[in-house]
Amino acid sequence: MSEAFNPRIVGFFCNWCTYLAADLAGTSRMKYAPNVRVVRTMCSGRVDPQLVVWAFRNGADGVLIGGCHPGDCHYQEGNYKTLRRMGLLRTMLAQLGIQPERLRLEWISASEGERLRDVMNEFSAQIRQLGPLETKSSVISSQSSVAQAAP
Amino acid sequence: MISLTIDGKAVQVQEGSTLLQAAGLLDIRIPTLCYHPLIKPFAACRLCLVAVKTRWGEELVPSCHVPCHQGMQVRTDSEHVLEARRFVLELMLARWPNVPVLRTLAEELGLRQPRFTSVVRDEREDACVLCGLCVRACDEVVGASAISFAERGIQRRVATPFDLESEACIGCGVCALVCPTSHIKFEVEEYKGKPPEFLLGPNTAVYIPTLQAVPRVPVIDAEACIHFKTGGCQKCIEVCEPLAVNHDMLDQEIEVEVGQVLVTTGFDTFDPGPMARYGYGRFDNVYTGLDMERMLNATGPTGGKVVLKNGQPPRAVGIVHCVGSRDENYHRYCSRLCCMYALKFGHLLKERTSSEVYNFYIDIRAGGKGYEEFYSRVLHEGVNVIRGRVAEVVEAGWSKKDEGTLLIRCEDTLIGRFREIPVDMVVLCTALEPRHDAEQLARLFGLSRSPDGFFLERHPKLEPVATTTGGVYVAGCAQGPKDIPDTVAQAGAAAAQALALIDKGYVEIEPVTAFIGEEICSGCQICVGMCPYTAIHFDSEKSVAALNEALCKGCGTCVAACPSGAAQQNLFLDEQLFAEVQGVLV
């Protein structure tokens, strides 16, 4: 089962740091696990916790959020807000029956292509180990209030 | 103005001028000993005697001290005057027979041997002749009054209070500077007024930083200037005719409003001191590339001559490439310009000395227009190149003859042998490093830095001078090590980009600003606190949030926080992002 399992991970990458790091990893011809599918946002602060839950509901096995290093945010403090939101969301995820480890927040600057590769590989290995997300909670798998909030 | 005649020549002088100054205007030389143009006259030595015509005949007066009067008639070269000067000097010579200044004056006046003998005869060449210049300089110029005359008559001498080490002395060295016999000596341990560059030569408190300095004006080193120690001196003001000296200037912070910024902050050089194996700072005659550059400079401390610390030309010079660069322990990157300047050093050393030159390299990177040709030219000039990283530099010192000789040990990877090469001088081609304050600057302008620490351009190929912050451009070694042609090209490109924006006259912003759906907004004001740019305010009349698009930078933090979905971001609508997530998960 786990051999065949290929995790699906959604990555929300900040336009100025992690997205550029992904660009760098690409232009540097680095090889990394192809499990992370990237959604670009202007800032990690744009990542609405609902988006994360929505991703899990739509079959993601993990969510990776990449932002700028603390103090380096292109928008001054968006990443701090992400840090607080995701901390809170993790406790909520546990209540929804989703292992909080499935949500990962990383600070990766534009020059850290190598680190991005390592994080991607590491995270997909970790999710592979955790196995596919089995949403026991009816809150998330069926018509839920959270899911309804999304169009 | 006052008119008078000196030796029959008429001259006009300012009121208050002395006879000596008036004679100076006529180029009449009068011997002096205790006189200094910047110190008040003292008339102690009486060597400057001249004859002034009076009603009774002639009167001998010291010209340094006597002011000019209207209609004065002065003789400086009559036998009467010369005889008087000779007599004064004879008395001095009797006491200090070997002082060079007195001997020269004696020769000029045609005086052979003094007829007298002195009971306080002092035969030293650097004997104190009691001119009092040091005492007056210390009091008048410096304001420290650390030395003065002690005792009287033939026992008179210059001394500190109670002959003890004086606390009043600030160690400025002015006394030694004005002393005509070098009786007072100033031993410099580490002179503070050195120029900020490489500490290769001594300097004074007022100096022009380099001969090519822009603007080419002198600066005053407040740490070395006497005025800032005692409040006195200010002699530079007296001698500066355009009155350009101002001791009251303070460091100023000047605020300039600008629309764009070119970051061209350059580089620091790697400090090879910690790489103890190369001996920088331990051995004499081990230099960095910049030290060497200074020595080769025609306006440098040696006037462009290549010499060892002992003043001899070197017999052999070793140039070590890649010190701190291409090294896993320090910097992995190649500093790019070292190969070429190392070859240039080889060329110049061959031109100016007859020394053997050895280049120790890993690879010669002569990639550039005309560079490879220069490399082969330097090889033809007889510069030796040895492929191999230098293991260490040690003192040879087998015998007295070899004292100071250094030994470079390395592996010659082309012949596969270990080699030891004796040299007199070692030049370390140190790596280029990001400026020490690059991190603060990156924070200030919101720039990214590449792993090596240099500022990151927006795109390596398509946007090589722009940065992730709009209106901020980067050029030169701030962006990465590069040589002068590359720097000039990049700086030109950066300036052109900035000009293009000025020419356009308006700024295009990313169309990613947020907006607020007024009909959905409940007026909770969560978004107001989220915005780092205060682009959102609460419209109390409509009881909804209102967004100023000109201030909005489009981060979307308010959108993520909005509980009702009223706040949205153009191109990143909730709808679009949810659909995108769904899309990537198909």
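**Exercise 1. Which residue follows helix 4 of chain B, and is its phi positive or negative?**

Since this is a predicted model, we work from the modelled backbone.

Step 1. Go to helix 4 of chain B, residues 133-142.
Step 2. Move on to what follows this helix: Gly143(B).
Step 3. Read its phi, which is positive, near 80°.

**Exercise 2. Stay with helix 4 of chain B and find out how many of its residues are buried.**

Step 1. Recall the cut-off: a residue is buried if 20 or more other C-beta atoms lie within 10 Å of its own.
Step 2. Apply it to the helix: 8 of the 10 residues are buried, and helix 4 of chain B is mostly covered.
Step 3. Name them: Leu133(B), Cys134(B), Val135(B), Arg136(B), Ala137(B), Cys138(B), Val141(B) and Val142(B).
Step 4. Look for the cover. Among the elements over these buried residues are strand 6 (148-150) and strand 7 (157-159) of chain B. Helix 5 (174-178), helix 6 (227-230) and helix 7 (235-239) of chain B also belong to the cover.

**Exercise 3. Trace chain A along its sequence, then work out the order of the strands in its sheet.**

Step 1. Take stock of chain A: 6 helices and 4 strands.
Step 2. Follow the sequence and you meet the pattern β-α-β-α-β-α-β-α-α-α.
Step 3. Now go across the sheet instead. The 4 strands form an open, parallel sheet in the order 2-1-3-4.
Step 4. Find the edges: strand 2 (36-41) and strand 4 (103-107) of chain A each pair on one side only. Neighbouring strands are turned by 20° against each other on average, direction ignored.
Step 5. Check one pair. Strand 1 (residues 9-14) and strand 3 (residues 62-67) of chain A are joined in the parallel sense by 5 bridges. Phe12(A) has Ile65(A), in strand 3, as its bridge partner.

**Exercise 4. Which strands of chain A does helix 1 lie across, and which does helix 2 lie across?**

Step 1. Helix 1 (residues 18-27) lies across strand 1, strand 2 and strand 3 of chain A, at about 110° to strand 1.
Step 2. Helix 2 (residues 49-57) lies across strand 1, strand 3 and strand 4 of chain A, at about 150° to strand 3.

**Exercise 5. Describe the open sheet of 5 strands in chain B.**

Step 1. Its strand order is 12-19-13-14-15, with parallel pairing.
Step 2. The edges are strand 12 (286-288) and strand 15 (384-387) of chain B.
Step 3. From one strand to the next, the twist averages 20°.
Step 4. Within it, strand 13 (residues 316-323) and strand 14 (residues 356-361) of chain B pair over 5 bridges. One of the matches is Val317(B) with Val357(B).

Terms used. Residues are numbered from 1 along each chain as its sequence is written. Chains are lettered from A and ligands numbered from 1 in the order in which they are written. This is a predicted model: local features need pLDDT of at least 70, side-chain atom pairs count only at pLDDT 80 or more; totals for chains, interfaces and linings use all residues. Two strands pair if DSSP finds at least two bridges between them. Helices (H or I, at least four residues) and strands (E, at least two) are DSSP runs, numbered from the N terminus. Axes are lines fitted to C-alpha atoms, for helices over the stretch in contact, and angles run from 0 to 180 degrees between N-to-C directions. Two residues are in contact if their C-beta atoms, placed from the backbone, lie within 7 Å. A residue is buried if 20 or more other C-beta atoms lie within 10 Å of its own, exposed if 12 or fewer, and partly exposed in between; C-beta atoms are placed from the backbone.
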